[in-house]
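Hello,

Here is the structure I promised to pass on. Please open it, then read my notes below.

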Amino acid sequence: MIALTVNGREHEVDAEPDTPLLYVLRDDLQLNGAKFGCGLGQCGACTVMLDGKAIFSCLVPIALLPGRRITTIEGLGPEAAPGVVQRAFIEEQAAQCGYCIAGMIMRAQALLERNPSPSEEQIREAMMPNLCRCGTHMRILRAVKRASVAMNGAAL
Ligand code: FES
Ligand code: FES
């Protein structure tokens with residue numbers, strides 16, 4: 001059994017130590033926000049936060065994770081009360097098919113937690129590892145900017 005702390009809750013997981021975190025989130029913990037895209041660290045659909053940093057959960061074996069703080073999109077806020085970044089993505093209608101969006105939101109969340117006022121260039125650079133096949137990148141950028149403004153308490 002491996003102990004994982006996900007969204008502030010402790011879980012005992014019965015899985016092989018080399019199992020990627022993404023599989024455990026989806027198959028054992030029913031946290032299906034993070035998606036399987038490539039399984040190779042190339043698309044970002046599986047992005048979650050580990051101790052506040054965005055990671056590709058398809059690449060990280062659970063053996064490395066006891067004692068670490070894992071946050072998934074489900075930990076940012078429920079459907080009825082979305083978090084600031086989730087709200088900004090909704091308000092900008094950033095999703096088309098939506099497959100990439102949980103990963104995008106988690107990468108944006110990690111960026112804004114360490115830098116609440118990023119420049120356009122910093123946003124572009126931080127979001128670079130995550131791809132959107134539908135091509136809604138401009139709306140995604142607007143959503144990150146909107147979230148930044150909201151986090152800083154300014155009215156839009
Ligand atoms: S599924 Fe993890 S980076 Fe593509
Ligand atoms: S909204 Fe479809 S992949 Fe991004």
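Strands β1 and β5 run parallel, joined by two bridges. In this predicted model, β5 covers residues 69-71. To find the pairing on screen, look for Val6, which stands opposite Ile70 in β5.

β1 has another partner too. Five bridges join β1 to β2, residues 9-13, and these two strands run antiparallel. Here the pair to look for is Leu4 and His11: Leu4 stands opposite His11 in β2.

What links β1 to β2? The two strands form a hairpin, with two residues between them. Asn7 sits in that turn. Its phi is positive, at about 50°.

Is β1 mostly covered or mostly open? The strand spans residues 2-6, and four of its five residues are buried. Here, buried means under 20% relative accessible area. So β1 is mostly covered.

Now the largest pocket. Its volume is about 340 Å³. How many residues line the largest pocket? There are 15. Ile73, Gln86, Ile90, Ile101 and Ile105 lie nearest the centre.

Two helices contribute to this lining. α2 (84-91) and α3 (101-114) each supply at least two of the lining residues.

What kinds of residue make up the lining? By class, 10 are nonpolar, three are polar and two are charged.

When you go through the model, start at β1 and follow its bridges to β2 and to β5. Then turn to the largest pocket and pick out Ile73 and Gln86, two of the residues nearest its centre.

Best wishes

Terms used
Residues are numbered from 1 along each chain as its sequence is written. Chains are lettered from A and ligands numbered from 1 in the order in which they are written. This is a predicted model: local features need pLDDT of at least 70, side-chain atom pairs count only at pLDDT 80 or more; totals for chains, interfaces and linings use all residues. Side-chain values use heavy atoms; hydrogens and water are left out. On a 1 Å grid over the protein atoms alone, a cavity is a set of points where a 1.4 Å probe fits but cannot get out, and a pocket is an open set with protein on both sides within 12 Å along at least five of seven lines; lining residues have an atom within 4 Å of a point. Grid points are joined across faces, edges and corners, and a volume is the space filled by probe spheres set on the points. Ala, Val, Leu, Ile, Met, Phe, Trp, Tyr, Cys and Pro count as nonpolar, Asp, Glu, Lys and Arg as charged, and the others, Gly among them, as polar. Buried means under 20% relative accessible area, exposed over 50%, partly exposed in between (1.4 Å probe, protein chains only). Two strands pair if DSSP finds at least two bridges between them.
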